[in-house]
Amino acid sequence: MSQTTPKGLHRLAFGGDYNPEQWPESVWQEDVRLMREAGVTMVSVGIFSWALLEPEPGRYDFDWLDRLLDLLHEHGVRVDLGTPTVAPPAWFYRAHPEALPVTAEGVRHSYGSRGAICHSSAAYRAAAAGITTALARRYGSHPALALWHVHNEYGVPVSACYCDSCAAHFRRWLHEAHGSVEAVNEAWGTAFWGQHYSSYEEIDPPRVTPTVGNPAQQLDYRRFADATIRENFRAERDILHELAPGIPVTTNFMTALSQCDSIDYWAWGREVDLVTNDHYLMTDGRRTHVNLAMAADLTRSVAGGAPWLLLEHSTSGVNWQARNPAKRPGEMARNSLAHVARGSEGAMFFQWRQSRRGAEKFHSAMVPHGGTDTRIWREVVALGAGLEALEEVRGTRTVPDVAVLWDWHSWWAQNLEWRPNEAHDARERADSFYETLYDRHLTVDFAHPESDLSAYPLVVAPALYLMTEAAGRNLREYVENGGTLVVSYFSGIVDEHDAVHPGAYPGALRDVLGLIVEEWSPLLDDQRVRIDGPGGASLTGDVWTEFVRPRGAETVWTYADGPAAGGPAVTRHRLGRGTAWYVSTRLDASSLDAIVAAAGEDAGIASRSGLPRDVEVVRRAGDGGRHYLFALNHSAEDAEVPLDGSGTELLAGAAVGTAADTPGGTPLGTAVGTPGGTPVDGKLTVPAGAVRVVRLDT
């Protein structure tokens, strides 16, 4: 993966999706004037414009796009130019109705939305290559061009098609992946229920069956669908690399576990020149800023720790949830800078000007329906100035404390039918463990279970149902060499083909955890268990219990009641120079804190529990000893953050670190009229809802 920055962009990216084709050209002049007022540095254009750019097969109309790019260049706005292949024109589907995807139930989707694509369709691939080639030849050397934006949000809303073209493609993929039909039979365990295949021609996609289908076949189809979509991205990317050398190519990811579950972003991160991401707050009762931080950390990890770019988020409410609340005053800036703190090289939005028509006309925008005499517009202008003040953080990297293991293939496998308890949810476990680490003010890297973990004193595995033998060896070596590992229940159970590892549970993790699990005993919806631990402390678990037998591990917490009463609930195993912890029931984020705290002591991680709840403190560091501290206060109370030494608060442009220092101005994210606060010696005052960014003196 080659990490690059948008060509010619020398500041943090600030702007959004720009869809001027929705407006008369008289509005364009007003748009570029407002972009300059707001400090916009880059906009994304052309993402849904295929029907306008190619109104008939092979006939192109670039006149309007020529004028647009020239206008943006004239006003100093860089361009992220989309290949519009997420929305083929009506004429394409009229000629090739077979390119519309088919569901597992055999229903073919209709035209009239976006992303209705069978990615195995030869006609679609040819048409996508045609428009991409034409765009590259036309604009590859345009002076405004900073970045190529292929397609849009791959995997959403359709990730898999089950048509006959996909069936033929799947058979070819199986041969490449397994080598023979006999190997497919072995990998899928087709001896069960008499599913043996004698030739590839007998194999179809996992369409609807009378009862549960073969889980290994379903897992392979998830892999096939992801690989097929990635093939189409690579095809467009390679055209752009050839015809427009020197311009980086990306596509916008949706890494948040709350927003896309069909893409293996570890694999995709290796394919793009710059990792970019879209993120939207989910109104599901969770602390939305925690989900935001988690998505940003996951995106940075997919980028290998390198800077990445937030390509879409919202200025205020979205329009596609059951309830779409507006962001509170200052929340837009705080959201934006939380992404920057965790590695983004800017903050882009969907979209620039709020649409008057179409499915997303109630989705917020940088220029709302109410125009410039609105709170949103005033906050947009203030954010643009704030990002300009943070220009010097470009190129620095977020400093992590711990790692969380995550594997999309394991998630796919765990979500298949007939698991011991459908209430056990891999995403929920990842959310809860992440929230625990967040509340201990630890910055998280995500890592694949087979990756090098030696840089992390503490590694957490919240949900790794599927684990290869290589991953098991990797975790054992990590602990033996001095690492501290925390593993949650129902991990290490099956191999890459969803086959149970030989021997007792937890399979690939038996040795490193120093125990076996004789049997699971999942709980009913209304059942709870109490577990007792050191110093008479008690915690409550639900969803899951296990009959654990230590084989070298020590019991730290014990089931006080429930099916496994008297047995180990949480264990600790010393192995080599490290330790491995195992949690055999479901604890919520606050209860997990006791376990993570004890593991943190093993790992030698200094406690940061003195920081207020919902106050983020994240560091970015760069060459030459540059260090930046981001302090984001998501709470309703002013907070004080320890400041090691002195520095300059960049948003206010004032020295901080002693009682005499008082940053001028209003901190970004603070509601109008809120005082900036006065720092005390050794502490940084962060007003309620505000953000401080300090360049630390070295």
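## Backbone, strands and rings in a predicted model

With a relative accessibility of 7%, valine 543 counts as buried. The model in which this residue is described is a predicted one. Valine 543 belongs to the loop between strand E17 (538-541) and strand E18 (546-550), and its phi is near 70 degrees, a positive value in a residue other than glycine. Most residues other than glycine have a negative phi, and most peptide bonds are trans.

A second residue of this kind is phenylalanine 490, which has a positive phi of about 60 degrees although it is not a glycine. Phenylalanine 490 is found in the loop between strand E14 and helix H16, and at 2% relative accessibility it counts as buried. That loop between E14 and H16 (510-513) also holds proline 506, which is joined to tyrosine 505 by a cis peptide bond with omega at about 0 degrees. Another cis peptide bond runs from valine 156 to proline 157, with omega near 5 degrees, and proline 157 lies in the loop between strand E4 (145-150) and helix H6 (164-178).

### Strand E14 and its partners

How many of the residues of strand E14 are buried? In this strand, which spans residues 484-488, 5 of its 5 residues are buried, so that E14 is mostly covered. The cover extends to both faces of E14, since Thr484, Val486 and Ser488 on one side are buried and Leu485 and Val487 on the other are buried as well.

Strand E14 pairs with strand E13 (residues 458-461) in the parallel sense over 4 bridges, and in this pairing alanine 461 stands opposite valine 487 of E14. Strand E21 (residues 578-583) also runs parallel to E14, joined to it by 5 bridges, and here valine 487 stands opposite tyrosine 582 in E21. Valine 487 thus has alanine 461 opposite it and also tyrosine 582 of E21. Together with helix H15 (residues 469-480), the strands E13 and E14 make a right-handed β-α-β unit.

### Helix H10

Helix H10 covers residues 288-302, has 15 residues and reaches 21 Å from its first C-alpha to its last, which is close to the 21 Å expected at 1.5 Å a residue. H10 is mostly covered, with 14 of its 15 residues buried. After H10 comes glycine 304, whose phi is positive, near 70 degrees.

### Aromatic rings

A pair of aromatic rings is described by the distance of the centres and the angle of the planes. The model contains 34 aromatic pairs. One of these pairs is formed by tyrosine 60 and phenylalanine 62, which are stacked, with 5.6 Å centre to centre and 5 degrees between the planes. Another is formed by tyrosine 154 and tryptophan 268, and this pair is tilted, with 5.1 Å centre to centre and 40 degrees between the planes. Because tyrosine 154 lies in the loop between E4 and H6, whereas tryptophan 268 lies in helix H9 (residues 265-269), the pair ties together parts that are 114 residues apart in sequence.

The accessibility of the residues in these pairs is as follows.

| Residue | Relative accessible area | Class |
|---|---|---|
| Tyrosine 60 | 32% | partly exposed |
| Phenylalanine 62 | 8% | buried |
| Tyrosine 154 | 3% | buried |
| Tryptophan 268 | 1% | buried |

Ring pairs also link Tyr154 and Trp268 with Phe233, Phe253, Tyr265, Trp266 and Trp408 into a cluster. Elsewhere, arginine 353 lies over the face of tryptophan 23, at 5.5 Å from the ring centre.

### Cysteines

How many disulfides does the structure hold? The count is 0 disulfides. Cysteine 118 is in no disulfide, and the nearest cysteine sulfur, which belongs to cysteine 166, is 3.5 Å away. A disulfide calls for sulfur atoms within 2.5 Å, so the sulfurs of cysteine 118 and cysteine 166, at 3.5 Å, do not qualify. With a relative accessible area of 0%, cysteine 118 is buried. For cysteine 260, the closest cysteine sulfur is that of cysteine 161, and because 17 Å lies between the two sulfurs, they are too far apart for a bond. Cysteine 260 is buried too, with a relative accessible area of 4%.

Definitions and conventions
Residues are numbered from 1 along each chain as its sequence is written. This is a predicted model: local features need pLDDT of at least 70, side-chain atom pairs count only at pLDDT 80 or more; totals for chains, interfaces and linings use all residues. Side-chain values use heavy atoms; hydrogens and water are left out. Buried means under 20% relative accessible area, exposed over 50%, partly exposed in between (1.4 Å probe, protein chains only). Helices (H or I, at least four residues) and strands (E, at least two) are DSSP runs, numbered from the N terminus. Two strands pair if DSSP finds at least two bridges between them. A crossover is right-handed if, with the strands pointing away from the viewer, the path from the first strand over the helix to the second runs clockwise. Rings of Phe, Tyr and Trp (its six-membered ring) pair if their centres lie within 6.5 Å; planes under 30 degrees apart count as stacked, over 60 as edge-to-face and the rest as tilted. A charge sits over a ring if NZ of Lys or CZ of Arg is within 6 Å of the ring centre and within 35 degrees of the ring normal. The expected span of a helix is 1.5 Å times one less than its number of residues.
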